[in-house]
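Q: I am new to this structure and would like a close look at a single part of it. Please choose one stretch and show me how it fits with its surroundings.

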Amino acid sequence: MQAYRLYTLALAGAPEVGSMNRLRENTKISSQAKWRLAAAYAQMGRSEVAQQLVNSLNTTVKDYRELSRNYGSGLRDEAMILETLVLMKDMDRAGNVAKRISERLSSGNWYGTQTVAYSLLAIGKFVGNSSIDDEFKFA
């Protein structure tokens with residue numbers, strides 16, 4: 001939650017750099033929190049710090065479904081990873097994640113509102129930052 005709060009402040013143009021640096025030094029930070037913190041750094045133009053945070057992290061998340069506190073899921077977390085990769089301009093890795101998310105959304109499985117919304121938001125940012133042809137179509 002702390003990493004998400006810091007990301008939100010960075011989005012608002014008011015990053016808390018001291019808190020971000022303190023959290024970055026925490027050795028017990030989860031990989032999901034590292035991805036969100038990397039997004040905060042990338043949002044404020046510090047992509048090199050973001051890259052250091054996620055260099056050794058995987059872009060896949062074991063599936064889970066949280067139905068309290070944050071309504072998270074593995075797919076929602078992968079969408080957050082996609083958003084971070086787009087912010088970092090790492091479009092090669094982002095493309096693989098976007099494809100995986102797209103395949104899962106097309107599977108016909110049920111996903112919660114937050115999972116679908118974050119997935120579509122991240123794919124939208126990916127498509128908006130790439131040179132996809134005008135012929136791009138989806139349903």
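A: What follows starts with the whole chain and then moves to one part and its neighbours.

First, a word on the ground rules. This is a predicted model, so local features need pLDDT of at least 70 and side-chain atom pairs count only at pLDDT 80 or more, while totals for chains, interfaces and linings use all residues. Residues are numbered from 1 along each chain as its sequence is written, and side-chain values use heavy atoms, with hydrogens and water left out.

The chain has seven helices and zero strands. Helices here are DSSP runs of H or I with at least four residues, strands are runs of E with at least two, and both are numbered from the N terminus. Read from that end, the order of elements is α-α-α-α-α-α-α. Of the 139 residues, 39% count as buried; that word stands for under 20% relative accessible area, while exposed is over 50% and partly exposed is in between (1.4 Å probe, protein chains only). A contact is a pair of residues with heavy atoms within 4.5 Å. Among the chain's contacts between residues at least 6 apart in sequence, 56% join residues at least 24 apart.

Now for the part itself: helix α5. How far apart should the ends of this helix, residues 74-87, be? The expected span is 1.5 Å times one less than the number of residues. For the 14 residues of α5 that comes to 20 Å, and the end C-alpha atoms are indeed 20 Å apart, which agrees. This helix is mostly covered, with 13 of its 14 residues buried.

Asp77 is a good place to step inside, as it belongs to α5. Asp77 counts as buried because its relative accessible area is 4%. Setting aside neighbours within four places in sequence, Asp77 is in contact with Gln32, Val61 and Tyr64.

Asp77 also helps to line an empty space. Rolling a probe the size of a water molecule over the atoms shows where empty space is left. The method uses a 1 Å grid over the protein atoms alone: a cavity is a set of points where a 1.4 Å probe fits but cannot get out, and lining residues have an atom within 4 Å of a point. Grid points are joined across faces, edges and corners, and a volume is the space filled by probe spheres set on the points. The structure holds one cavity of 30 Å³ or more, and the largest cavity has about 40 Å³ of space. Its lining is made by Gln32, Trp35, Arg36, Val61, Asp77, Met80 and Ile81. Helices α3 and α5 are the elements that each give two or more residues to this lining. By class, the lining has four nonpolar, one polar and two charged residues. Here Ala, Val, Leu, Ile, Met, Phe, Trp, Tyr, Cys and Pro count as nonpolar, Asp, Glu, Lys and Arg as charged, and the others, Gly among them, as polar.

The same helix also takes part in the core. A nonpolar core is a set of buried Ala, Val, Leu, Ile, Met, Phe, Trp, Tyr and Cys residues joined through side-chain atoms within 4.5 Å. The largest one has 38 residues, of which Leu37, Tyr41, Val54, Leu82 and Ile101 touch the most other members. At least two residues of this core come from each of α1 (2-11), α2 (17-24), α3 (31-43), α4 (47-54), α5, α6 (91-105) and α7 (113-128). Helix α3 gives the most, with eight residues.

Past the end of α5 comes Lys89, in the loop between α5 and α6. The phi of Lys89 is near 60°, a positive value in a residue other than glycine. Lys89 is exposed because its relative accessible area is 68%.

Two other helices give a last view of the surroundings. In helix α4, Gln51 touches Met88, Asp90 and Arg93, not counting residues up to four places away in sequence; Gln51 is partly exposed, at a relative accessible area of 24%. Gln114 sits in helix α7, and its C-alpha atom is 10.0 Å from that of Leu75, although 39 residues separate the two along the chain.

Note on methods. 1 Å grid on protein atoms, 1.4 Å probe; cavity = no way out; pocket = protein on both sides within 12 Å on 5 of 7 lines; lining within 4 Å.
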